[in-house]
Amino acid sequence: VEGIHDEEESRSDDHFHEVASLSTSQKRCLVVARTLIANPEILCIHDPTLNLNASHADVVMNLLRDLVKNRGIAVEGEPWHSRRPRTCIFTSTRALVVGYASKVYMVDRKEGVFEVHR
């Protein structure tokens, strides 16, 4: 039993060091990938494009949009109409990602929360 525990602990340490060696943008992509694998019905994600260049940000936002549009990512064998709807709520510091959202809300200290009509 001791040998098995030591081996598992060693693998866990290796995994930690592998993740720790990734760049900030690679870590962000890893977080998004793990999230999409979980296939959540409701996803709240803070600034998914933070630290990503424009092309990677575009890929991430398209994946999030596909999650909602297709009612999940890579859901095989289940017809679209029987899948549960998906919702993605995200924050952003990039004006360009506003185009991916079906609704946009602004948070202002004086005016509170209000919908931005595009």
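This section describes the overall fold, two of the helices, the loops beside them and the largest pocket of the protein.

The model is a predicted one. The protein contains 3 helices and 4 strands, and the order of these elements along the sequence is α-α-β-α-β-β-β. Of the 118 residues in the protein, 21% are buried. Among the contacts with a separation of 6 or more, 44% are accounted for by residues 24 or more positions apart.

The helix α2 spans residues 24-38 and has 15 residues. The distance from its first C-alpha to its last is 22 Å, close to the 21 Å expected at 1.5 Å a residue. Four residues of α2 are named as buried, namely R28, V32, T35 and L36. These residues lie on the same side of α2, because they cover an arc of only 100 degrees around the axis. The partners against which the buried residues of α2 pack are β1 and α3. On the face of α2 turned away from this buried side, the exposed residues are I37 and A38.

Just after α2, the chain passes through N39, where phi is positive at about 50 degrees. N39 takes this value although it is not a glycine. The residue belongs to the loop between α2 and β1.

The loop between β1 and α3 holds two residues of note, P48 and N51. P48 counts as buried, because its relative accessibility is 1% and the cut-off for a buried residue is under 20%. Apart from residues up to four places away in sequence, P48 touches R28, V32, V60, M61, L64, F90 and T91. Within this set, R28 and V32 are buried residues of α2, while V60, M61 and L64 are buried residues of α3. P48 thus touches buried residues of α2 and of α3. The C-alpha atoms of P48 and R28 are 7.2 Å apart in space, with the two positions 20 residues apart in sequence counted as their separation. N51, in contrast to the buried P48, counts as partly exposed at 46% relative accessibility. Phi of N51 is near 70 degrees, which is a positive value in a residue other than glycine.

The helix α3 covers residues 54-69 and has 16 residues. From its first C-alpha to its last, α3 reaches 22 Å, close to the 22 Å expected at 1.5 Å a residue. Its buried residues are A57, V60, M61, L64 and L67. Seen down the axis of α3, these residues fall within an arc of 110 degrees, so they line one face of the helix. The elements that cover them include α2, β1 (42-45) and β2. The packing between the two helices therefore appears from both sides, since the buried residues of α2 pack against α3 and α2 is among the elements covering the buried residues of α3. Just after α3, R71 takes a positive phi of about 55 degrees.

R71 is also one of the residues touched by P85, which is found in the loop between α3 and β2. Leaving aside residues up to four places away in sequence, P85 touches E41 and R71. P85 and E41 are 44 residues apart along the chain, and their C-alpha atoms are separated by 6.6 Å.

The largest pocket has a volume of about 760 Å³. Its lining consists of 25 residues, and those nearest its centre are F90, A101, K103, V104 and Y105. Two or more residues of the lining come from each of α3 (54-69), β2 (87-90), β3 (104-108) and β4 (112-116). The largest share, 5 residues, is given by α3. By residue type, the lining divides into 16 nonpolar, 4 polar and 5 charged residues. F90, which lies among the residues nearest the centre of the pocket, is also one of the residues touched by the buried P48.

Methods: Residues are numbered from 1 along each chain as its sequence is written. This is a predicted model: local features need pLDDT of at least 70, side-chain atom pairs count only at pLDDT 80 or more; totals for chains, interfaces and linings use all residues. Side-chain values use heavy atoms; hydrogens and water are left out. On a 1 Å grid over the protein atoms alone, a cavity is a set of points where a 1.4 Å probe fits but cannot get out, and a pocket is an open set with protein on both sides within 12 Å along at least five of seven lines; lining residues have an atom within 4 Å of a point. Grid points are joined across faces, edges and corners, and a volume is the space filled by probe spheres set on the points. Ala, Val, Leu, Ile, Met, Phe, Trp, Tyr, Cys and Pro count as nonpolar, Asp, Glu, Lys and Arg as charged, and the others, Gly among them, as polar. The expected span of a helix is 1.5 Å times one less than its number of residues. Buried means under 20% relative accessible area, exposed over 50%, partly exposed in between (1.4 Å probe, protein chains only). The arc is that of the directions from the helix axis to the C-beta atoms. Contact means heavy atoms within 4.5 Å.
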